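Trainee: Could we go through this model together, step by step, with the salt bridges as our starting point?

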Amino acid sequence: MFCRMRSYKAKMVEPITLPSREEREAALDAAGYNAFNLDAEDVFIDLLTDSGTGTMSADQWAALMRGDEAYAGSRSFSELRDAVRDVMGFEYVVPTHQGRGAENVVYGVLVEEGDVVPNNAHFDTTRAHVANQGADPVDCPHELAHDADADHPFKGNFDIDAGWELVEEVGEDSIPVVVQTITNNSVAGQPVSVENTREVAAFADEIDATFVIDACRFAENAYFVQQREAEFSDASVAEIAREQLSYADAVTMSGKKDAIVNIGGFAAMNDPELFELAKQRGILYEGFPTYGGLAGRDVAAMAVGLREAVEPPYVGERVEQVAELGRLLTDAGIPVYEPTGGHAVYIDAEAVLPHVPKDQFPGQELVCALYLEGGVRGVELGGFAFPGTDRPDLVRLALPRRTYSREHLEHVAETAAAVKESAASYGGLEIVEEPPMRELRHFSARLEPTEAPSSAD
Ligand SMILES: *Cc1c(COP(=O)(O)O)cnc(C)c1O
């Protein structure tokens, strides 16, 4: 039903070009074989992230023009507050410059040194904010989360048993907050069932913890629930989203994801005391509580995008487009994490380049190969990005919202097939320059091929 047709047309276009093979080779060499160092204009199809890279609607652009830039009491803020009430069901909202700003105002007031914070899986910035408070972020992923082939509708779920084990280990007084991330970004964008959200809410309630939902992709998650959770097959995405979020005490939100804007975020809650504390911290780090580090126009566009996110047929088409990319890749013989999640397809790089030893970064080599073969930019999430872990080398291709068409996806699949075809010419990489903080090395490290690529045969 959603597969090929998009229920929108282009009103404004942005030219993209595929540089020649020689230009791509030169660009990759200059970038130190690290796609983060490439100039975006040297990239043909940019699947580095779905964060802030989506296409705004005509209504959002109109809202930009109407944005109220008043320092205090901006009309644009009232529009956001109303949208958050209507779409997410929270009374109070603290706008922030993006999702991590929301994490700062929420975890900054709820979490203290020595605390422990369970989450189905922390996203990088969430983990960093919890750790920055001197607390210990602990992941409680579904038992099948890291099984790329297991067929389960909600591999993003929070493992309640793991939560209880943690309580036994550290004591409930150490756990002020329980977090659930929907969809689960760090677990291949896998969804979370409403049933699981209810269980986490009950768990948090029993140990007297505040229940926070990391709601960055709440609309994509609601679509999966509609498709996969029997209780909700007749409910609308909007109804499901409201119900799922109703179990939380607060949400942190990146507008760059499901509010379909290029910048923005917010925290929202119903408890006036938590609101007051978050607001005060927001003033310190973000700005006055009616603009939160954003221009009024950005707040206005985010209010419109939040409503569009749950309005059919947008989100169904969005999630099905990701599934379509997954199918095109599978048909081309490229093994991917299954089922595909809400915002990205994850390629098993070790299967595509089986001859590249793990310590020569097959995932990063695949990222380079996709760029060389077709000007496609993805990102490695494996041994290069997470040194010292035994993570499998996956390459993530994240789809910006409302941006690319089926022909673009076909080009991506053809590119991946071409890499597979010439796999023997891709040898492996070694790091030649590394920043001091190892956790951040994938953003700026420089690499070199371990051996000169031979011609394909
Ligand atoms: C993107 C993201 C964040 C952080 O949001 P930013 O807008 O990038 O600061 C937090 N949690 C999840 C799950 C995310 O995907």
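Mentor: Let us keep in mind that this is a predicted model. Asp50, Arg217, Glu220, Asp258, Arg318 and Arg401 are linked in a network of salt bridges, and a search of the whole structure finds 25 salt bridges.

Trainee: Within that network, which residue forms a salt bridge with Asp50, the closest N and O atoms being 3.0 Å apart?

Mentor: Asp50 lies in the loop between β1 (45–46) and α2 (58–66), while its partner lies in the loop between β12 (394–398) and α15 (406–421), so the pair ties together parts that are 351 residues apart in sequence. Both Asp50 and this partner are buried. The residue that pairs with Asp50 is Arg401.

Trainee: Is Asp86, which forms a salt bridge with Arg307, buried, partly exposed or exposed?

Mentor: Asp86 lies in helix α3 (residues 75–88) and Arg307 in helix α11, so this salt bridge ties together parts that are 221 residues apart in sequence. Buried means under 20% relative accessible area and exposed means over 50%. Because Asp86 has 42% relative accessibility, it counts as partly exposed.

Trainee: With the side chain of which residue does the side chain of Gln180 make a polar contact?

Mentor: Gln180 lies in strand β5 (residues 177–181), and it is buried, with a relative accessible area of 0%. Among the residues that Gln180 touches, not counting those up to four places away in sequence, are Phe158, Val192 and Asn196. The polar contact, at 2.8 Å, joins the side chain of Gln180 to the side chain of Asn196.

Notes
Residues numbered from 1 in each chain as written. Predicted model: local features only at pLDDT ≥ 70, side-chain atom pairs only at ≥ 80, totals over all residues. Heavy atoms only, no water. Helix = DSSP H or I, 4+ residues; strand = E, 2+ residues; numbered from the N terminus. Buried < 20%, exposed > 50% of the residue type's maximum accessible area, 1.4 Å probe, protein only. Polar contact = N/O pair within 3.5 Å; in protein donor to acceptor, adjacent residues only side chain to side chain. Contact = heavy atoms within 4.5 Å. Salt bridge = Lys/Arg side-chain N within 4 Å of Asp/Glu carboxyl O.
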